[in-house]
Amino acid sequence: MRKRGGPEVFRITGARQGLADDVRGRQRRYIISMSVRTLSVIAAAVLWNVERHVAVVALALGVLLPYIAVVIANAGRENAPSLPSAYLTTPVRPALGAAEGAAESGAERPYGHA
């Protein structure tokens, strides 16, 4: 007979993304953000004497992106609220009725046989 404190059963559809995949995705987002920052600082230096307004916007983007990239990279693992619960409840077996239990034990014998 199975005990109630047995191992938990998980649904595959409710499993979260693996930790290695999560870290890899955050590293990818950080590298992309830092690449955009580098390009914007280079664009600011190149455009400074040509188009100063665009250069100032690019420089502001280059200054703000490191903060945004770190906040995004350090964001914790996300929960998936739209997925079903990851745990299945253990089905409860119904108890036998008194009449069924007595018939199995031999308390009632049909036709009066002993």
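**Helix packing and salt bridges in a predicted three-helix model**

The crossing of helices H1 and H2 is left-handed. In the contact between these two helices, 18 residues are nonpolar, three are polar and four are charged. The structure described here is a predicted model. Helix H1 spans residues 19-47 and helix H2 spans residues 52-73. Their axes lie 8 Å apart and form an angle of about 160°. Because angles over 145 degrees count as roughly antiparallel, H1 and H2 are described as roughly antiparallel to each other.

The overall architecture is helical in its assigned elements. Three helices and zero strands are present in the protein, and the order along the sequence is α-α-α. Helix H3 comprises residues 98-105, and a loop lies between H2 and H3. Of the 114 residues in the protein, 13% are buried. Among contacts with a sequence separation of 6 or more, 73% are made by residues 24 or more positions apart.

Arg 37 illustrates the relation between the two packed helices. This residue is found in helix H1 and is partly exposed, with a relative accessibility of 32%. When neighbours within four places in sequence are left aside, Arg 37 is in contact with Gly 62, Leu 65 and Pro 66. The C-alpha atoms of Arg 37 and Leu 61 are 6.8 Å apart in space, although the two residues are separated by 24 residues in sequence. A further pair is formed by Arg 37 and Val 63, which are 26 residues apart along the chain and have their C-alpha atoms separated by 7.8 Å. Val 63 is located in helix H2. With a relative accessible area of 58%, Val 63 is classed as exposed, whereas Arg 37 is partly exposed.

Another pair distant in sequence involves the loop between H2 and H3, in which Asn 74 is placed. Asn 74 is exposed, at 61% relative accessibility. The C-alpha atoms of Asn 74 and Gln 27 are 9.7 Å apart, with their positions 47 residues apart in sequence.

Salt bridges were examined next. The count comes to two. One of these joins the side chains of Asp 21 and Arg 24, with an N to O distance of 2.9 Å. Both residues belong to helix H1 and are three residues apart, which corresponds to about one turn of the helix. Asp 21 is partly exposed, its relative accessible area being 37%. Arg 24 is likewise partly exposed, at 44% relative accessibility.

In the salt bridge between Asp 22 and Arg 26, the closest N and O atoms are 3.0 Å apart. Asp 22 and Arg 26 also lie in helix H1, with a spacing of four residues, again about one turn of the helix. The threshold for a buried residue is a relative accessible area under 20%. Asp 22 therefore counts as buried, at 11% relative accessibility, and Arg 26 counts as buried at 18%. The two salt bridges thus contrast in their surroundings: Asp 21 and Arg 24 are partly exposed, while Asp 22 and Arg 26 are buried.

Definitions and conventions:
Residues are numbered from 1 along each chain as its sequence is written. This is a predicted model: local features need pLDDT of at least 70, side-chain atom pairs count only at pLDDT 80 or more; totals for chains, interfaces and linings use all residues. Side-chain values use heavy atoms; hydrogens and water are left out. Axes are lines fitted to C-alpha atoms, for helices over the stretch in contact, and angles run from 0 to 180 degrees between N-to-C directions. Angles under 35 degrees count as roughly parallel, over 145 as roughly antiparallel, 65 to 115 as roughly perpendicular and the rest as oblique. A crossing is left-handed if the near helix is turned anticlockwise from the far one by less than a right angle, and right-handed if clockwise. Ala, Val, Leu, Ile, Met, Phe, Trp, Tyr, Cys and Pro count as nonpolar, Asp, Glu, Lys and Arg as charged, and the others, Gly among them, as polar. A salt bridge is a side-chain nitrogen of Lys or Arg within 4 Å of a carboxyl oxygen of Asp or Glu. Buried means under 20% relative accessible area, exposed over 50%, partly exposed in between (1.4 Å probe, protein chains only). Contact means heavy atoms within 4.5 Å.
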